[in-house]
Amino acid sequence: MTHSQHPDVAEAIVRERLLHDPAVRLSRPRAEALFDPEFTEVGASGRRWTYAEMIAALPELHGGEDGPPIEAGSFTGTVLAPGVVHLTYETVIGVRHARRSSVWRRDAEGALRLYYHQGTPVPDAAERP
């Protein structure tokens, strides 16, 4: 954590990384605790996901526990309003590279939960700006 990073941004990054952990992805209760009930996603494939669809599919996404690890980095974040954090970062999953954006918001109990997520594929290295 950098000295200028807001504690809510740091917490959102920790929670985002938990969603990349196969043990969390395979545990419905642990995954449910990280997603806001009003969650939606537009995936790197262009597919739109709801909370129920994501919770059901999460254990098998990216090949399940035997799939390639999710390598995430270049995290940046901003507090948009009290209890609302916007993160951007990049992932590499196998040969697929994506830029990602997520919005985390605090629930009534004070836990940050993933409200919105979007992934955008990155072209081959030769085509990247």
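Two strands pair if DSSP finds at least two bridges between them. In this predicted model, β4 and β5 meet that condition, pairing in the antiparallel sense over 10 bridges. One residue pair shows the register: T91 has A98 in β5 as its bridge partner. The hairpin of β4 and β5 has two residues between the strands, and G94 takes a positive phi near 65° there.

Follow the chain onward from β5. Nine bridges join β5 to β6, and the two run antiparallel. R99 stands opposite T120 in β6. This hairpin has five residues between its strands, with G110 at a positive phi near 95°.

Now take the whole sheet. It is open, with six strands in the order β2-β1-β6-β5-β4-β3 and mixed pairing. The edges are β2 (48-50) and β3 (70-81), each of which pairs on one side only. On average, neighbouring strands are turned by 15° against each other, direction ignored. A parallel pairing occurs between β1 (residues 35-42) and β6 (residues 112-121), over four bridges. Here T40 stands opposite Y116 in β6.

What lies across β3, β4, β5 and β6? Helix α1 (residues 7-18) does, running at about 145° to β3.

Next comes the core. In soluble globular proteins, nonpolar side chains tend to be buried together. The largest nonpolar core here has 22 residues, and F35, L87 and W104 touch the most other members. The elements giving two or more residues to this core are α1, β1, α4 (51-57), β3, β4 and β6. L87 shows the packing in detail. Leaving aside neighbours within four places in sequence, L87 is in contact with residues including V9, A12, I13, T76 and W104.

Charged pairs add further links. The count comes to seven salt bridges. One of them joins the side chains of R106 and D8 at 2.7 Å, N to O. The pair links distant parts of the chain, with R106 in strand β5 and D8 in helix α1, 98 residues apart. D8 is buried, because its relative accessible area of 14% is under 20%. R106, at 27%, counts as partly exposed. Salt bridges that share partners join D8, E11 and R106 into one network.

E38 and R105 also meet in a salt bridge, at 2.7 Å, N to O. E38 lies in β1 and R105 in β5, so the pair ties together parts 67 residues apart in sequence. E38 counts as exposed at 51% relative accessibility, whereas R105 is partly exposed at 25%.

A further salt bridge joins R113 and D107 at 3.5 Å, N to O. Is R113 buried or exposed? R113 counts as buried at 14%, and D107 is buried with a relative accessible area of 19%.

Technical notes:
Residues are numbered from 1 along each chain as its sequence is written. This is a predicted model: local features need pLDDT of at least 70, side-chain atom pairs count only at pLDDT 80 or more; totals for chains, interfaces and linings use all residues. Side-chain values use heavy atoms; hydrogens and water are left out. Axes are lines fitted to C-alpha atoms, for helices over the stretch in contact, and angles run from 0 to 180 degrees between N-to-C directions. Contact means heavy atoms within 4.5 Å. A nonpolar core is a set of buried Ala, Val, Leu, Ile, Met, Phe, Trp, Tyr and Cys residues joined through side-chain atoms within 4.5 Å. Buried means under 20% relative accessible area, exposed over 50%, partly exposed in between (1.4 Å probe, protein chains only). A salt bridge is a side-chain nitrogen of Lys or Arg within 4 Å of a carboxyl oxygen of Asp or Glu.
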